[in-house]
Structures are given as structure tokens and as C-alpha cells.
Amino acid sequence: MALAGLSHLSLFDLMPEKDLVIGHGNFRYKVVKNWGTLNKTKHPVTDCHEMVQDSQGRIILLTNNTKNNVIIYNKDGQLLDTWGDEYPGAHGLSLYNEGGEDFLYITDTEKHEVYKTTMDGKKVLTIPFPSDLAEYKDKDQFVPTETAIAENGNIYVADGYGAQYITVYDQKGNLINYFGGPGKEEDQFYNAHGIAIDNRGASDCLLITARQKNQLKIFDLDGTYRSTVDLPGAYICRPVVHGKNVYLATIWSGEGDAETGFISILDENNRLVSAPGGVIPTYEGDRLSHMYQTLRVFKHPHDVCVDNDENIYIPQWNAGNVYPTKLIRI
Amino acid sequence: MRVIIFGFLLLIIGCKVKHSTFYQTNQVQLTSPKVTVSQTFFEEETVIYFDQTEKGTKIYSVTDEKRDQFMNDSLIVKETQSYQFYSCGAGFTTSDTIPINVFKVDSKRIRKVKHSTPSDHYPGTTRCLNDQKKGSINFRDGNWMGFDQGEFSYSVELEKGQKVDGIVVSSLRDYGSWIFCPAKIIVALTDQNGVLHSFEETYAESNAQDARNGFEFSRIRINEMAPAKIKITVFPPAKIPEWHPGKGTTPWLFIDEIVLL
């Protein structure tokens, strides 16, 4: 049974136990019991969409439950703080340190806006739908799923559930560029769900997920298409760059059936090297074999947060209102 | 002495269970094995392929005749068969089973075919109901005929002497697309003397818990005979059930194959 619905201990479980280990190669993990579980009446969650770690080492969770959209934990899963009651469509969560101060960027798919806030929830910038663009006649067409902030402060917004454009703004929220859109071409998207700045190479670039295509697309910061990484069978949510690796929550797998999620971890060459909860990644030359779930550890993982200890946190969408899962790297 | 040793062992086990911070292997279920079939409807043989499972686990099958047969990478099948495959091993909880049905058919039997007109949006192909080609889980792949006007009828005339002892109607279940499986099937056979024989099967009401998209093979057993004509009438549920957002409306029926056994 998936951890979003635990199996009960039976007499068999009293036999000498074996800690569950998931993942492959150098990226193997044990799964912590009941991390971050809170009182469901006082601090409920609905969909747990995304998580980040701030400069103080705290773990920040974004949920679309308006009792407490933002839940702040320490790394042990103890509650530190909560805030936010005005984000019914809270979806994307990014953190950017500006001049020594952390800021959060929250996308709301129901309010069709993006917000920059302080760490205690004060709004400092609101980005509405890009009404200046001919492609956006109505705010309902703008359903932003993710943001990424470049070194120069430019804000990239992925409209993953709307018109599929990537819109680019300066630090003050002025629209300065846009690219992408829906379609089958290499520089177009089908569910541009997640976006991240990739600073691993000689020059920064963008990693953008085309989730329904099972692809990770690479663009220059000016929107010029570079290349595509095919991850067949992996419906990837958003890329998280940490060190030389990219971590991606894979919300569905195989043929895209429900409750078939796992985690994808890429190396510095963007090859899949570990799939906790999934089949061992296998390549024939440059071609990855079709990926699928083999262990029912996760239902619908939606994000991966990697902390400074190399441990990871997995929030889940549509998983029975469960709190995030923590994986300890071994 | 044995009691002391046993008690000591229980103490160790108890301590270890009590302080375990992590989930245990036996608390996690394996995912059902990934299985692909070269041809669901075949004349000579078909091959069932098994993809890699979690390290240290194996795939087994259950049929009406045999239980818990270990599967290698592939399985050659030469007769109509229904399997349930599952994964187990390495201390994990055994997976749910996955049903796989394959059917041996004889495509030379049919002389003439007539059927209800499908929806303009999902017309399938001219021969898709007896081309032995299985539709995919995507009802838009061109291999399915879609019907949204209630019952569907299919009539065939057979070459003389062709024996039939069963009918299979292959349909799709996709509740999210308002597509439901047959609720009832009536088979009317006219023998060589013009006598009518009728068989009927009804099927369990669609349940929200069966929500996973998939294929349904509705089988109607008949007394073996050499009919001149066969008319098959497929009835979807009269109305979409109460638990569904489309409750009270007429469901879609999607069929990709009618098989004479």
C-alpha cells in the first residue's frame, strides 16, 4: 500500500525488520515515518504542491488549503509557523535571496496571478495575467504553475495549465519577453508545468518540463530553444537543480495512470541515474527505456525539495490530504 | 533455558520494532507487473511480454487451471486464455493482480457484416470490429467505434458449417470520458433450419471503485452450433449512475472488436 495509506503492522511485521531502501546507484534513500504530520483540524493540508528550504534551514510547504497556505517546519518535521489564507489555487513555490533577504514567489492557478512575498507573508509584488499579449484575451487563459528567478532578478513564469507560454518580467513585474506556447514543435509545450534556472554549465539556462510529453526542455535565458531531454514514461512536474543533479517529482508514469508516481534524479549530463519508487533506469546508447512505477511508495509526488543534508522532501497532490514525506539519503 | 532464549529474542525484536524510524520493506506493496501483449486477438499464437520488476522480485500467473506459475521474460500462448499476473518477493507486500485476456479467433468465418452507425466523431474504420486489432486505452486512436445513442447492434452472416460456441465483445471503460461498459448483451442465432436461439448476459453495474481506465471483454457462452446468422445487441447502462458527474445522462459505448469463438 502506498505511504499515503499505510499498511497496518501485522504479526509478520514483528519479525526482524528491514528498513525500506528506494532508489538506485548513489541516490538511495530510507523513508522516514510520519515526518511533518500535524493536527489535521488545526493545520490541515489538501494538495501539498511544493516545498523549498530557506536560508535559515527551515522547510517551507505550500498547500492550497486556505486555513494555512504556507506551513513552515524544521528539518525534523516540527511545526514552526503557518500563514496564508488567500491563495485557494496555491501551486508554484520558489525562493529567491535578494540582497541577503529571502523572498517567496507563489503562483495561484485560481486567482490567475503570481505573488512575491516576504517570508512572513507580506505581499510585495503582484503579477497579473499578461493582458498586453494578444495570446491572452482573458485572465482565465493564464493559469501559472511555476516561477524561476534568474541571477539578474528577472522572473520567469510558466503558464503550465493555461496558454503554455513562458512570460518573462523584470524585478518590478514589467513584462519584457515571452516564448513557447502550445504545440508539437520542439520549442513548444504540452503542459509547461515547471521551470528552473540551471546554473551547472558555462552559462545559465532554463529547464522547463513538458509534462504530458515526458520531456525536459532546455532554453537559453532569452527564450531560444536549445535541446530536449526525453524521459519516456515519466510525467515530470518541476526541475530542482541541486549541485550537479536535477531532481524531479514524477507525478504519473508508464501510461499515465493514477497513483503511479516516483522520483527522478538526473546526473550532470541529464541522464536518469535513480528513480526512487520506479524501475531501475536503463539506457541503450542515449535512449532511456520506458519508465514506470515498481513500488507503491508514492501516489502523486508533485515536487522535490533537497535540503543542505542531501535529504529530500516530497509533497503530494491528490493523495488523501497527506503531509509530505521525507527521504534520508544513505 | 529455551524459554529464556526465546524471551530474550522477543525482547530484542520488540525493541527494534518499537524504535524503528523508517518504513519497513514489508509495509510497501509492489506495483502490479507491467505486461504487454503482441496480439490480444490471434489466429496462431500470441506472445505476452513481462517488463522488469523491482530488484529481487518475480512475476507469477494464475489461471483457472494453474496457480502461481513463475513467468520468464515472455510467454507464448496458443489458445484462448485468461490470466491474472502479480509480482512478489524481496520482502515486499505482494502486488495487486493484473488481468490479461487473449483470444484465439478464426477470421474466415464472416461473410457479411452490418452494424449500427457510430458517432461521426468516433467512426473507427470499416473493418475495425473484426480486424483482430486491439484498440489502445486512448479512445481517439482510430481503432474504436463510439456510440452515444443507446444500444448497438451487430449482425453477421457466416459461411456454412462455421461453428461458434461463444461471443466476446471488447469494450472500453473510461468513466472520465463518460464511457461505460456493456450492462447487457443479447445474442440471437439463426441456425441452418431458420430456428432462432437466444442467449443473454447481464453484467454488474458500473462501480466508482473500478475507476481505472481499462478494457472489458464481455463473454457470452452459447451452445456450440453452426449458425447461418448472428445478431448481437449490446446495451450500455440505461443512464450514467448517481456517483458520476454525468448522472442520469446516456453513457458512451466504445467497441473495438466483436470476436466469434
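Begin by selecting Val304(A) in this predicted model. Leaving aside residues up to four places away in sequence, Val304(A) touches Val240(A), Tyr247(A), Leu248(A), Ala249(A), Ile263(A), Ile312(A), Tyr313(A) and Ile314(A). Displaying these side chains together gives a first view of the interior of chain A.

Next, widen the selection to the core around this residue. Val304(A) belongs to the largest nonpolar core, which has 26 residues. The members that touch the most others are Ile22(A), Tyr29(A), Tyr247(A), Val304(A), Ile312(A) and Leu327(A). Which strands should be coloured to see where this core comes from? At least two residues of the core are supplied by each of β2 (27-31), β19 (234-242), β20 (245-253), β21 (262-266) and β26 (312-314) of chain A. The largest share, four residues, comes from β20(A). As a general background, nonpolar side chains in soluble globular proteins tend to be buried together.

Apart from this core lies another, made of 25 residues. To find it, select Val156(B), Leu158(B), Val234(B) and Leu260(B), which are among its members.

Remain with chain B and turn to a sheet. Select β1, β3 and β6 of chain B: these three strands form an open sheet in the order β1-β3-β6, with antiparallel pairing. Which strands stand at the edges? They are β1 (35-37) and β6 (74-77) of chain B; each has a single partner strand, so one side of each is left without a neighbour in the sheet. From one strand to the next, the twist averages 20°. For a closer view, select β1(B) together with β3 (residues 46-50) of chain B; the two run antiparallel and are joined by three bridges. Val37(B) has Ile48(B), in β3(B), as its bridge partner.

Two residues in loops of chain B deserve a stop for their backbone angles. Select Gln132(B), in the loop between β9 (110-115) and β10 (145-147) of chain B. Gln132(B) is not a glycine, yet its phi is positive, at about 60°. Is this residue buried or exposed? Gln132(B) counts as buried, because its relative accessibility is 16% and the cut-off for buried is under 20%.

Then select Trp178(B), which lies in the loop between β12 (164-173) and β13 (184-190) of chain B. Trp178(B) is likewise a residue other than glycine with a positive phi, near 65°. Its relative accessible area is 31%, and Trp178(B) is therefore partly exposed.

The next stop is Cys128(B). This residue is buried, with a relative accessible area of 1%. How many disulfides are there over all chains? The count comes to zero. Cys128(B) is in no disulfide, and the nearest cysteine sulfur, that of Cys181(B), is 17 Å away. The cut-off for a disulfide is a pair of cysteine sulfur atoms within 2.5 Å, so this pair does not qualify.

Finally, colour the model by pLDDT. Chain A averages 94, and 95% of its residues score at least 70. Select residues 4-14 of chain A, where pLDDT stays under 50; the model has 17 contacts for this stretch beyond four places in sequence. Chain B has a mean pLDDT of 88, with 92% of its residues reaching 70 or more. Within chain B, confidence is lowest in helix α1 (residues 2-19), at a mean of 61, and highest in β3(B), at 96. For the complex, the predictor gives an ipTM of 0.90 and a pTM of 0.85.

Note on methods. Residues are numbered from 1 along each chain as its sequence is written. Chains are lettered from A and ligands numbered from 1 in the order in which they are written. This is a predicted model: local features need pLDDT of at least 70, side-chain atom pairs count only at pLDDT 80 or more; totals for chains, interfaces and linings use all residues. Side-chain values use heavy atoms; hydrogens and water are left out. Buried means under 20% relative accessible area, exposed over 50%, partly exposed in between (1.4 Å probe, protein chains only). Two strands pair if DSSP finds at least two bridges between them. Axes are lines fitted to C-alpha atoms, for helices over the stretch in contact, and angles run from 0 to 180 degrees between N-to-C directions. A nonpolar core is a set of buried Ala, Val, Leu, Ile, Met, Phe, Trp, Tyr and Cys residues joined through side-chain atoms within 4.5 Å. Contact means heavy atoms within 4.5 Å. pLDDT is the predictor's confidence in each residue, from 0 to 100.
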